[in-house]
Amino acid sequence: YVEASPHHAKSELCGGCHDYRSPAGAPILETYSEWKQSPYAAKGTQCQDCHMRPQAGVPIVNRAVKATNALAPDHTFPGGHAVVRLQDAATVRVSARCKGKTIEVQAWVENVGAGHKIPSGAPTRRVVLDVSLLTPAGANVKSQDRVYEKTLEDRQGNPVTTVTDSFLKAARVVSDTRLEPEETRQESFTFDTPKEHGGTMIVHAVLSYKFETAMGT
């Protein structure tokens, strides 16, 4: 007979693969630990609640089985690369003011929808906040950015920049600027006011997800 497994509805099912340390002991994958320490775990929100949300018209498990019109858990497990998860994960808002010959910009980046850090998983994942000054016609005049990432190095102090090396060669975490669950990070930017554009500028902020699989790509 078929019997439901309570374990399959708990985050502990995910933890076996989504927490990993390198042979040297460096924490490479920490997604389960990040969730365990988050307000989501305290509220009883499981990994499956976000990554297996019930949907209509999806095969329950086997794609050869006719799709049901009832709500069923999504077994495609949309994760860190899925657009729908990225769109739900974070927000950014900005304010700007002119002060003398400069433009001062404040940006607030908030982890609103991830029960773990942003980004989580492989250390070569980064989230970049890019703040730009645009002309009224949309031309980019100046840009600054902030990068949210975990950086690693090997035993010799060399930067670890690929997925393979992070799993095999990483020895220590150099820095970790990622966003905690429900954290709001305020960032400050100062731009010199461009004279050639008559002083009328547009402040444009974009939050981008980047995943580097190899050196420089």
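Start by selecting Gln46, in the loop between α3 (39-43) and α4. This is a predicted model, so treat each stop on the tour as part of a prediction. Show the contacts of Gln46 beyond its neighbours within four places in sequence, and you will find Ala9, Lys10, Ser11, Glu12 and Trp35. Is Gln46 buried or exposed? Gln46 counts as buried because its relative accessibility is 12%, under the 20% cut-off.

**A second loop residue**

Now move to Ser22, which sits in the loop between β1 (19-21) and β2 (27-30). Ser22 is buried too, with a relative accessible area of 5%. Leaving out residues up to four places away in sequence, Ser22 touches Ile28, Ser166, Phe167 and Ala170.

**The nonpolar cores**

Next, select Ile103, Val105, Ile118, Leu129, Val131, Phe189 and Phe191 together. Of the 17 residues in the largest nonpolar core, these touch the most other members. Colour β6 (102-111), β7 (125-134) and β12 (184-192) as well, since each of these strands supplies at least two residues of this core. Elsewhere, a separate second core has six residues, among them Ala26, Ile28, Leu29 and Leu152. Ile28 may look familiar: it is one of the residues that Ser22 touches. In soluble globular proteins, nonpolar side chains tend to be buried together.

Stay with Ile118 for a moment. Which residues does Ile118 contact, leaving aside neighbours within four places in sequence? They are Ala89, Ala90, Asn111, Val127, Tyr148, Arg178 and Leu179.

**The cavity**

Keep Arg178 selected and add Pro119, Ser120, Gly121, Ala122, Pro123, Arg125 and Lys150; together these line the largest cavity. The space inside is about 40 Å³, and the count of cavities of 30 Å³ or more comes to one. The lining divides into three nonpolar, two polar and three charged residues.

**The largest pocket**

Now centre the view on His51, Pro78, Gly79, Gly80 and His116. Of the 50 residues that line the largest pocket, these are the closest to its centre. The volume of this pocket is about 1200 Å³. Which elements each supply at least two residues of the lining? Select α1 (12-18), α2 (31-36), α4 (47-51), α5 (83-89), β7 and β13 (202-211) to see them. You have already met β7 as a supplier of the largest nonpolar core. Colouring the pocket lining by residue type gives 24 nonpolar, 20 polar and six charged residues.

**The second largest pocket**

Go back to Pro123 and Lys150, which you met in the cavity lining, and add Glu149, Val160 and Thr161. These five lie nearest the centre of the second largest pocket, which is lined by 13 residues. The elements giving two or more residues to this lining are β9 (150-153) and β10 (159-160). The largest share, three residues, comes from β9. About 200 Å³ of space lies in this pocket, and its lining divides into five nonpolar, four polar and four charged residues.

**Last stop: a small set of strands**

Finish by displaying β9 and β10 along with β11 (172-176) as ribbons. These three strands form an open sheet in the order β10-β9-β11, with antiparallel pairing. The edge strands are β10 and β11, each pairing on one side only. How many bridges join β9 to β10? There are two. To see one pairing up close, select Glu153 and look across to Pro159, its bridge partner in β10.

Notes. Residues are numbered from 1 along each chain as its sequence is written. This is a predicted model: local features need pLDDT of at least 70, side-chain atom pairs count only at pLDDT 80 or more; totals for chains, interfaces and linings use all residues. Side-chain values use heavy atoms; hydrogens and water are left out. A nonpolar core is a set of buried Ala, Val, Leu, Ile, Met, Phe, Trp, Tyr and Cys residues joined through side-chain atoms within 4.5 Å. Buried means under 20% relative accessible area, exposed over 50%, partly exposed in between (1.4 Å probe, protein chains only). Helices (H or I, at least four residues) and strands (E, at least two) are DSSP runs, numbered from the N terminus. Contact means heavy atoms within 4.5 Å. On a 1 Å grid over the protein atoms alone, a cavity is a set of points where a 1.4 Å probe fits but cannot get out, and a pocket is an open set with protein on both sides within 12 Å along at least five of seven lines; lining residues have an atom within 4 Å of a point. Grid points are joined across faces, edges and corners, and a volume is the space filled by probe spheres set on the points. Ala, Val, Leu, Ile, Met, Phe, Trp, Tyr, Cys and Pro count as nonpolar, Asp, Glu, Lys and Arg as charged, and the others, Gly among them, as polar. Two strands pair if DSSP finds at least two bridges between them.
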